[in-house]
Amino acid sequence: MKSLLLNATLPKPAPLSTRFQQSIVPRRRSCFHLSRQFRSHSFFVPTVNPWIVVSPLGISAASEWKGVRSFQNEASLPESGEIHVILGPMFAGKTTTLLQRIKAESVSGRNVAIIKSEKDNRYGLDCIVTHDGERMPCWPLSNLSSFKQTIGSGAYDKLEVIGIDEAQFFKDLYQFCSEAADHDGKTVIVSGLDGDYLRRSFGSVLDIIPIADTVTKLTAQCEVCGDRAHFTLRKTEETKTELIAGADVYMPVCRKHFVSGQVLKEATRDIIEAQVCVHG
C-alpha cells in the first residue's frame, strides 16, 4: 500500500529532451548559458563549458556554424609567404645559389626583384655579380624599409619573390622579412654571411632563422688543405668588422687552419710590434 501511494503522488519525469531544453536560459543574442548543473530523479550532469552556441536546429548544427565562421575568418587573413635563408663563409656560392633560385622563380612566371646593400660596389652598384662573373640587375639600398617606397607601392604589390644579397649589412633585416612574409605574402630569399672574420655573429642574419621556412648552410673549400671550409679568415691586420673586399683580403678555411691562421697572425703582429719598439 505504501509503494502504491508513493507512485501515485510523484509526478512522472519529463522526457530528457524536454528537461534539457528547460535547462537552457537565454543570456545573449547569439548564445545561451547552460545552467551549471541539472538534476533528475536518476542522474546528475555537470556542464563543462557554460557558454555554448545553440542554433534552433540543435548543438550539431551550431558546431557546423562555428566551422563556417572559422573558415570565413581564415579566408579573410592575408596570404602567407615564405622565408628561405642561405648561409656560409665567403666563396661558398651563396650569391650564385640566390641567383639560381631567383631565376627559377622568374622562369616559372613569378614577379621577382633583388636587393643588395649599396655598400657593396665591388662589381657595380646596380647589379649583383658573383665571384664567377654571373650578374643580375638589382636595387641597391641603404636599408630595406625604403624598398617599397623606392619601387612604388603598386610595383611592390605585384612582386611575389624578393631576393636579398649580402644581408648582413641590413640592420632592419628581421623587420622587413617578417613583414613581407607574414603580412604581404612574399617569398623572401636571403643570402648572407652567418659569421664575421672572428666567427662572431654578423649583422642580423642569424636573427631571422627562427622565422625562416628553410635554412641552407653552404661550405667552401679550404685554401690551405682543400677540406670543407666553414669559416672566413682575414689575411690583413684590419680589425673593423665591415671590410668589403675579395680574395685579396679574405680566404675560406677549415676549422684547423682558422685556428692556426689566427695564431700565425698574432705571432706576426707581436714580431712587428717588437721591431717597432726596437727601432723606435
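**A loop residue, two cores and a pocket**

Leu206 is found in the loop between β12 and β13, and this residue makes a convenient starting point for a tour of the model, which is a predicted one. Leu206 is partly exposed, because its relative accessible area of 33% falls between the limits of 20% for buried and 50% for exposed residues. Leaving aside residues up to four places away in sequence, Leu206 touches Leu87, Asp194 and Ser201. Leu206 and Gly195 are 11 residues apart along the chain, and their C-alpha atoms are separated by 8.8 Å.

Arg199 belongs to this loop as well, between β12 and β13 (214-217). Arg199 is partly exposed, with a relative accessible area of 38%. The backbone of Arg199 deserves a look: its phi is near 65°, a positive value in a residue other than glycine. As background, most residues other than glycine have a negative phi.

With these details in hand, the overall picture can be drawn. The secondary structure of the protein comes to 8 helices and 17 strands. Of its 280 residues, 36% count as buried. Among contacts with a separation of 6 or more, 62% are accounted for by residues 24 or more positions apart.

The interior can be followed through its nonpolar cores. The largest of them holds 25 residues, and Phe147, Ile164 and Leu173 touch the most other members. At least two residues of this core come from each of β6 (82-87), β7 (112-117), α5 (147-151), β11 (161-165), α7 (173-182) and β12 (187-191). Of these contributors, α7 gives the most, with 5 residues. Another core, of 21 residues, lies apart from this one, and its members include Ala92, Met136, Val161 and Leu218.

Helix α7 rewards a closer view. Its buried residues are Leu173, Phe176, Cys177, Ser178, Ala180 and Ala181. Together, the buried residues of α7 pack against β6, β7, α5, α6 (153-158), β11 and β12. For Leu173 the contacts can be listed one by one: Leu144, Ile164, Ala167, Val190, Ser204, Val205 and Ile208, not counting residues up to four places away in sequence.

Next comes Cys138, found in the loop between β9 (135-137) and β10 (139-141). Cys138 counts as buried, because its relative accessibility of 9% is under the 20% limit. Beyond residues up to four places away in sequence, Cys138 touches Ile114, Lys116, Leu125, Asp126, Cys127 and Ile128. One of these, Asp126, is 12 residues from Cys138 in sequence, while the two lie 5.5 Å apart in space, C-alpha to C-alpha.

The model also contains pockets, and the largest has a volume of about 480 Å³. Its lining is made up of 37 residues, and those closest to the pocket centre are Met90, Lys94, Arg122, His131 and Glu166. Three elements, α4 (94-107), β8 (127-129) and β16 (231-234), each supply at least two residues of this lining. By chemical character, the lining divides into 15 nonpolar, 12 polar and 10 charged residues. Domain 1 (79-218) and domain 2 (219-279) each provide at least three residues of the lining.

Glu166, one of the residues closest to the centre of the largest pocket, can also be described on its own. Glu166 sits in the loop between β11 and α7. This residue is buried, since its relative accessible area of 14% is under 20%. Although Glu166 is not a glycine, its phi is positive, at about 50°.

Glu166 is also one of the contacts of Asp120: not counting residues up to four places away in sequence, Asp120 touches Glu166 and Ile244. The place of Asp120 is in the loop between β7 and β8. Asp120 is buried, because a relative accessible area of 6% is under the 20% cut-off.

Terms used:
Residues numbered from 1 in each chain as written. Predicted model: local features only at pLDDT ≥ 70, side-chain atom pairs only at ≥ 80, totals over all residues. Heavy atoms only, no water. Core = buried A, V, L, I, M, F, W, Y, C linked by side-chain atoms within 4.5 Å. Buried < 20%, exposed > 50% of the residue type's maximum accessible area, 1.4 Å probe, protein only. Helix = DSSP H or I, 4+ residues; strand = E, 2+ residues; numbered from the N terminus. Contact = heavy atoms within 4.5 Å. 1 Å grid on protein atoms, 1.4 Å probe; cavity = no way out; pocket = protein on both sides within 12 Å on 5 of 7 lines; lining within 4 Å. Points joined across faces, edges and corners; volume = space filled by probe spheres on them. Nonpolar A, V, L, I, M, F, W, Y, C, P; charged D, E, K, R; others polar. Domains from an automatic or database assignment.
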